[in-house]
Amino acid sequence: MPRGDIMRHFLKGENVSLITSRIIPQGQDFNRVFISKNIIDTHIISDATYIFPLYLYQEKDNKTEKIANLNEEIVNKISRRIGLRFIENSPPVEGQGWFTPEQIFDYIYAVLHSPTYRMRYKEFLKIDFPRAPFPKDAKQFFNLTKLGEKLRKLHLLENVEPMPDIANFPITGTDKVEKIRFYEKGETFPKSRIYINESQYFENVDTEIYNFYIGGYQPAQKWLKDRKDRKLQYDDIIHYQRIIRVLKETGEIMKEIDLICVF
């Protein structure tokens, strides 16, 4: 059913949201973190998904006002920790000692992708919404902000193109998704393969990427399964190759985050 009280903030103007869940099912690890710039479905990453828009749009004096959806007390504490001033509506000017709502968002997004964070707070993450620790200092804050920004742009598919020699689709055929099979690199094949039918496959997709979870889903597998009995068009093939790149680079960035994310 519609949730106009929240989703309207994605119809009034540009926005971005943190997506997560409140409870992790028994036996699963915390990986229910994603992002969107549009309205979403409740099942986008789990059975019960919650969306937190970065900006709220309010009508005031016949004008639409855009405000940051951030707790002032928390923002002030971050400001004291990193020794910089918070700027809500003005674009940051390099060297002026400001930080912005987008940087807070990117910091949180990075922290929630830290494998160490997910393991350390595993028991708490099973029973409540994730909570991001405050930054230690400005250096840590901005280092994590940069990595969070990379993740944000990756997950929104901003300027993401297929990578050479990753998820190639070398064989011509019907392009129809029939029976999906995955073969690891080994004696049988010099590179791993994801077959979509008897003869066609995507080549050189690591097992880690093929099994990578975002929320309750494995995107590299689910995307193909959702298209069973359909013929992949050229744009579909390119899109799947973009997804594989996102999953690959997400795993790499998560390792970088872990080198910085020490609390």
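How many helices and strands does the chain have? Colour by secondary structure and you'll find nine helices and ten strands, where helices are DSSP runs of H or I with at least four residues and strands are E runs of at least two, numbered from the N terminus.

Before you click on: this is a predicted model, so local features need pLDDT of at least 70 and side-chain atom pairs count only at pLDDT 80 or more, while totals for chains, interfaces and linings use all residues. Residues are numbered from 1 along each chain as its sequence is written, and side-chain values use heavy atoms, with hydrogens and water left out.

Zoom out to the C-alpha trace, which spans about 60 × 45 × 40 Å along its principal axes. Switch on the surface next: about 15000 Å² is accessible, and 49% of that belongs to carbon and sulfur atoms (Shrake-Rupley, 1.4 Å probe). Of the 263 residues, 45% count as buried, meaning under 20% relative accessible area with a 1.4 Å probe, protein chains only.

Now select Ala167, in the loop between α6 (138-155) and β8 (181-183). Is Ala167 buried or exposed? Ala167 counts as buried because its relative accessibility is 0%.

Show what Ala167 touches: leaving out residues up to four places away in sequence, pick Phe202, Glu203, Asn204, Val205, Gln241 and Ile244. A contact here is heavy atoms within 4.5 Å. Then add Ile194, 27 residues from Ala167 in sequence and 8.6 Å away, C-alpha to C-alpha.

Last stop, the whole contact map: among contacts between residues at least 6 apart in sequence, 64% join residues at least 24 apart.

Notes
Buried means under 20% relative accessible area, exposed over 50%, partly exposed in between (1.4 Å probe, protein chains only).
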